[in-house]
Amino acid sequence: QDENFEAITRLNAYEQWGLLSDHEAESQLLLGGLYLSLGLHNEAGKRFETLLTPDIPEGVRNRAWFYLAKVWYARGYLDRAEHAIRQVQGKKLQPVLEAEKQHLFANILLRQGRFDEAIQLLRGWKGPADWMAYAQFNLGVALVRENKIAEADPFLTQVGTLESVRPELLALKDRANLALGFAYLQSDQPARARPVLGRVRLNGPYSNKALLGAGWWAYRRRTRRTTQSRRRTPM
């Protein structure tokens with residue numbers, strides 16, 4: 001019901017009254033997740049760190065490591081985030097969490113500039129449809145940063161043309177088209193950039209950047225025409 005503060009209050013009260021002794025590990029995991037959702041990273045981290053001991057069931061411990069990786073990533077400690085996410089071993093997480101873990105790991109590698117490793121991680125990975133879109137976007141971005149635009153195009157185009165009404169996926173579509181469009185502009189292929197940038201929604205958050213790219217394309221096109229005209233004009 002999105003009443004996270006109420007849930008935190010009740011969990012803390014039940015813990016104080018000794019009513020959660022049979023579910024201590026799960027309640028700490030839930031509390032940590034609630035604190036994380038509210039942006040209280042320090043409090044969330046403390047809760048997760050109490051669940052990293054060998055006496056905690058592996059499934060709970062794996063989720064604690066995963067959420068701790070999210071805490072470190074959000075705070076910008078990429079090396080600690082990577083260490084935490086690599087501790088998720090043995091039994092895998094639930095499919096949705098496993099997909100989010102792959103997405104988080106790829107983002108950690110990308111922010112560290114380790115594009116080859118991100119590409120290797122994402123190639124051939126399969127997961128839920130929504131997370132596949134994020135994986136394809138990240139793979140496309142990693143390939144662009146390795147100057148492999150021809151390889152990136154199919155992935156970014158697939159994301160940039162997907163059908164959805166969900167705001168987060170519509171924003172991802174715009175980002176994919178923007179990334180591919182600017183990659184073509186920067187590689188001196190403005191003709192390929194124009195139709196891609198044209199797919200960015202005018203009423204979306206990335207419209208200004210897309211219009212800037214379109215303006216850049218028009219300027220480059222006019223400059224080329226002027227140069228060609230001068231070359232054809234007899235002296």
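In this predicted model, helices α3 and α4 cross with a left-handed turn. Helix α3 covers residues 41-49, and its axis comes within 9 Å of the α4 axis. The crossing angle is roughly 155°. Angles over 145 degrees count as roughly antiparallel, so α3 and α4 are roughly antiparallel to each other.

Which residues make this contact? From α3 come His41, Ala44, Gly45, Phe48 and Glu49. From α4 come Ala64, Tyr67, Leu68, Val71, Trp72 and Ala74. By class, the contact of α3 with α4 has 8 nonpolar residues, 2 polar and 1 charged.

**Helix α2 against α4**

Helix α4 spans residues 58-74 and also meets helix α2, residues 24-37. The two axes come within 11 Å and cross at roughly 15°. Angles under 35 degrees count as roughly parallel, so α2 and α4 are roughly parallel to each other. The crossing of α2 past α4 is left-handed.

On the α2 side, the contact residues are Ala25, Glu26, Leu29 and Leu36. On the α4 side, they are Val60, Arg63, Ala64, Tyr67, Lys70 and Val71. This contact has 7 nonpolar and 3 charged residues, and no polar ones.

Ala64, Tyr67 and Val71 of α4 appear in the contact with α2, and they appear in the contact with α3.

**Arg63**

Arg63 belongs to helix α4. What does Arg63 touch beyond residues up to four places away in sequence? The list is Glu26, Leu29, Leu93 and Leu97. Glu26 and Leu29 are α2 residues in the contact with α4. Arg63 and Ile85 are 22 residues apart along the chain. Their C-alpha atoms are separated by 9.7 Å.

**Helix α7 against α8**

Helix α7 covers residues 115-122. The α7 and α8 axes come within 9 Å and cross at roughly 145°. This crossing, too, is left-handed. Helix α7 contributes Phe115, Ala118, Ile119 and Leu122 to the contact. Helix α8 contributes Ala135, Asn138, Leu139, Ala142, Leu143 and Arg145. By class, there are 8 nonpolar residues, 1 polar and 1 charged.

The three helix pairs are set out below.

| Helix pair | Axes come within | Crossing angle |
|---|---|---|
| α2 and α4 | 11 Å | roughly 15° |
| α3 and α4 | 9 Å | roughly 155° |
| α7 and α8 | 9 Å | roughly 145° |

**The largest pocket**

The largest pocket has a volume of about 440 Å³. Its lining holds 19 residues. Which of them lie nearest the centre? They are Phe137, Val141, Arg145, Arg175 and Ala179. Arg145 is also one of the α8 residues in the contact with α7.

Three helices each supply at least two lining residues of the largest pocket: α6 (95-111), α8 (129-145) and α10 (167-186). By class, the pocket lining divides into 11 nonpolar, 5 polar and 3 charged residues.

**The largest cavity**

How many cavities of 30 Å³ or more are there? The count comes to 1. The largest cavity has a volume of about 30 Å³.

Its lining consists of Ala99, Gln102, His103, Leu122, Trp125, Trp131, Tyr134 and Ala135. Helices α6 and α8 each supply at least two of the lining residues. These helices each supply at least two residues to the lining of the largest pocket as well. The cavity lining has 6 nonpolar and 2 polar residues, with no charged ones.

Leu122 and Ala135 link this site to the α7 and α8 pair. Both residues line the largest cavity. In the helix contact, Leu122 comes from α7 and Ala135 from α8.

Key:
Residues are numbered from 1 along each chain as its sequence is written. This is a predicted model: local features need pLDDT of at least 70, side-chain atom pairs count only at pLDDT 80 or more; totals for chains, interfaces and linings use all residues. Side-chain values use heavy atoms; hydrogens and water are left out. Axes are lines fitted to C-alpha atoms, for helices over the stretch in contact, and angles run from 0 to 180 degrees between N-to-C directions. Helices (H or I, at least four residues) and strands (E, at least two) are DSSP runs, numbered from the N terminus. Angles under 35 degrees count as roughly parallel, over 145 as roughly antiparallel, 65 to 115 as roughly perpendicular and the rest as oblique. A crossing is left-handed if the near helix is turned anticlockwise from the far one by less than a right angle, and right-handed if clockwise. Contact means heavy atoms within 4.5 Å. Ala, Val, Leu, Ile, Met, Phe, Trp, Tyr, Cys and Pro count as nonpolar, Asp, Glu, Lys and Arg as charged, and the others, Gly among them, as polar. On a 1 Å grid over the protein atoms alone, a cavity is a set of points where a 1.4 Å probe fits but cannot get out, and a pocket is an open set with protein on both sides within 12 Å along at least five of seven lines; lining residues have an atom within 4 Å of a point. Grid points are joined across faces, edges and corners, and a volume is the space filled by probe spheres set on the points.
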